[in-house]
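Hi everyone, thanks for letting me take a slot today. I'd like to walk you through one structure, piece by piece, so pull it up and follow along.

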Amino acid sequence: MSRLLLGFDLGTTSLIGRLWTEDGQVVADASLANPQQEYGADVIARMEAALGGQAAELQRLLVDGINLLVADLLVQVDAGAEQISAAAAAANPAISLLLAGQSVERVLRPPYRPDYLAGKLLESQPLGVNLQVPLYLLPLVSGYVGGDLLAVLLGSQPDTRPTLYVDLGTNAELALWDGEGWLVSSVAAGPAFEAGNLSCGMRYGFGAVTEIGIVRDRFTFTVAGGGMPKGICGSGLFSLLSCALQAGLITADGRIRSANEIDSNLARYLVADGEAYALQIYRDARTCLRLTQDDVRAFQLAKGAVLAGVNCLLERKGIGDDQLASVRIAGALGGALPTSALKGVAMLPEIVLEKCRFLPGVVLTGLLTVLQHQEGRESAKKLASRLNPYPLSGTPAFEKAFIASLDFS
């Protein structure tokens with residue numbers, strides 16, 4: 001095996017690692033749940049835990065996860081750590097600071113400007129990472145826009161005309177290119193898009209339901225790897241909600257209807273769940289795929305935040321929906337979505353849906369551009385300096401847009 005390049009996409013919910021040959025050929029992939037989740041599903045809870053004295057433990061958990069990925073990747077290619085010639089990682093601001101052992105205090109409070117902006121080589125051995133080369137941590141743009149969005153932009157150059165980027169994750173990050181300059185922001189979405197908090201959710205992998213349809217009053221599934229379903233991943237959740245809304249099982253304001261409100265055989269999928277109803281689409285001796293009212297509300301909050309953020313960025317730049325040439329969607333959904341699924345949940349302005357394209361693994365693609373080129377790190381810093389951060393959290397404009405974006409219509 002020739003010299004290898006190593007990249008990490010360090011997400012709030014999942015950690016993903018990839019090995020390439022020096023000419024860019026993918027030779028190994030691995031992923032696992034972020035071990036820091038024991039301190040909370042979102043970065044706010046983890047940062048509060050860090051300020052409460054758990055920073056070192058949160059760093060250790062993240063390093064342990066990275067080391068598990070390194071071991072898995074090297075086993076896949078029967079190689080040793082000495083064959084890795086360069087390594088890089090991208091993460092949101094909170095994960096970046098926790099990894100680097102830096103204070104998160106200034107990320108938790110306005111004006112959200114951390115003292116440490118990454119864009120540096122971290123020495124692996126003192127950190128506890130089982131590598132013989134330093135780990136380059138992509139630069140942060142602000143306290144709410146991190147190296148993960150930067151990697152997306154490095155991995156997918158914009159159109160010459162207005163281009164919108166949406167990185168769907170626990171911390172959903174947005175970038176708008178108007179043809180001359182950048183405006184970037186983020187919104188708190190929680191783990192809904194990755195089905196992280198779904199009662200029947202799972203990360204994309206064998207047994208994950210990736211797409212759902214309705215044929216003759218019966219739910220049908222596409223399952224990763226074939227076989228029986230084990231849970232629903234992010235793309236499956238989008239698909240399920242879109243189908244259920246179209247069939248009238250869920251109202252436009254997000255309420256799961258009761259069985260006696262449905263005059264078709266689909267009523268059998270609606271089951272009592274405490275004081276509300278749930279949508280139970282599959283059950284066997286081991287698995288129950290049940291979408292609860294709380295699941296729907298969590299998704300509503302997430303999609304409402306993203307749509308509100310998009311509308312605020314467009315308004316700030318003075319760009320109409322119809323002026324967007326391209327909309328590029330990244331994130332750990334578990335697969336691309338048909339336009340009908342995005343339309344069904346009112347995720348984006350309807351006029352732009354036909355302009356959407358998905359960027360699977362684009363964070364890792366961006367990392368590869370940094371690793372492969374001698375000027376890669378300098379290019380990353382230069383792009384980061386051109387991104388103009390636009391804070392949305394708590395602003396009257398965002399709050400107004402958020403309320404208007406909650407319904408599925």
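Before anything else, a bit of vocabulary: when I say that two parts are in contact, I mean heavy atoms within 4.5 Å. And please keep in mind that this is a predicted model.

With that word in hand, let's begin with helix α6, residues 234-246. This helix lies across β10, β11 and β12, and its direction is at about 15° to β10. Those strands make up an open sheet of three, in the order β11-β10-β12, with mixed pairing. What happens at the edges? β11 (219-223) and β12 (231-232) each have a single partner strand, so one side of each is left without a neighbour in the sheet. If you look at β10, residues 208-214, you'll see that β10 and β12 pair in the parallel sense over two bridges. One pair you can click on is Ala208 with its bridge partner in β12, Gly231.

A quick reminder for anyone new to this: strands of a sheet pair through backbone hydrogen bonds, and they can do that parallel or antiparallel.

Okay, on to another sheet. This one is open too, with six strands in the order β3-β2-β1-β4-β6-β5, and the pairing is mixed. Here the edge strands are β3 (26-33) and β5 (120-122); each has a single partner strand, so one side of each has no neighbour in the sheet. Going from one strand to the next, the twist averages 20°.

Let's zoom in on the β5 end. β5 and strand β6, residues 135-137, run antiparallel and are joined by three bridges. Which residue in β6 is the bridge partner of Leu122? That's Leu135.

Now the helices on this sheet. Helix α9, residues 362-372, packs on the sheet and touches β1, β2 (14-21), β4 and β6, with its direction making about 140° with that of β1. Then there's helix α2, residues 93-100, which lies across β1 (4-10), β4 (84-91), β5 and β6 and runs at about 145° to β6.

I'd like to stay with α2 for a moment. How many of its eight residues are buried? Eight of the eight, so to speak: α2 is mostly covered. Among those buried residues are Pro93, Ile95 and Leu98. At the N-terminal end, Asn92 acts as a cap, with a side-chain oxygen 3.1 Å from the backbone nitrogen of Ala94. After the helix comes Gly101, whose phi is positive, near 70°.

Next up is helix α1, residues 43-77, and here's a little puzzle. A straight helix of 35 residues would span 51 Å at 1.5 Å a residue, but α1 spans only 33 Å between its end C-alpha atoms. Where is the kink in α1 centred? On Gly53, and the kink is about 120°. Is Gly53 buried or exposed? Its relative accessible area is 59%, and exposed means over 50%, so Gly53 counts as exposed. You can also find Ala41, twelve residues away from Gly53 along the chain; their C-alpha atoms are separated by 18 Å.

The ends of α1 are worth a look as well. Asp42 caps the N-terminal end, where a side-chain oxygen lies 3.0 Å from the backbone nitrogen of Ile44. Following the helix you'll find Asp78, with a positive phi near 50°.

Let's move along to strand β9, residues 182-188. Six of its seven residues are buried, so β9 is largely enclosed by the rest of the structure. One of its partners is strand β8, residues 171-177: seven bridges join the two, and they run antiparallel. Leu176, for instance, stands opposite Leu183 in β9. β8 and β9 form a hairpin with four residues between them, and Gly179 in the turn has a positive phi of about 105°. β9 also pairs with strand β18, residues 387-389, this time parallel, over three bridges. There, the bridge partner of Val184 is Pro389.

Last stop: Ser405, which sits in the segment after α11 (396-404). Its relative accessible area is 3%, and buried means under 20%, so Ser405 is buried. What is Ser405 in contact with, leaving aside its neighbours within four places in sequence? Lys303, Gly304, Leu307, Ala308 and Asn311.

That's my tour, and I'm happy to go back to any part of it.

Conventions: Residues are numbered from 1 along each chain as its sequence is written. This is a predicted model: local features need pLDDT of at least 70, side-chain atom pairs count only at pLDDT 80 or more; totals for chains, interfaces and linings use all residues. Side-chain values use heavy atoms; hydrogens and water are left out. Two strands pair if DSSP finds at least two bridges between them. Axes are lines fitted to C-alpha atoms, for helices over the stretch in contact, and angles run from 0 to 180 degrees between N-to-C directions. The expected span of a helix is 1.5 Å times one less than its number of residues. The bend at a residue is the angle between axes fitted to the seven residues ending there and the seven starting there. A polar contact is a pair of N or O atoms within 3.5 Å; within protein, one must be able to donate a hydrogen and the other to accept it, and residues adjacent in sequence count only if both atoms are side-chain atoms. Buried means under 20% relative accessible area, exposed over 50%, partly exposed in between (1.4 Å probe, protein chains only).
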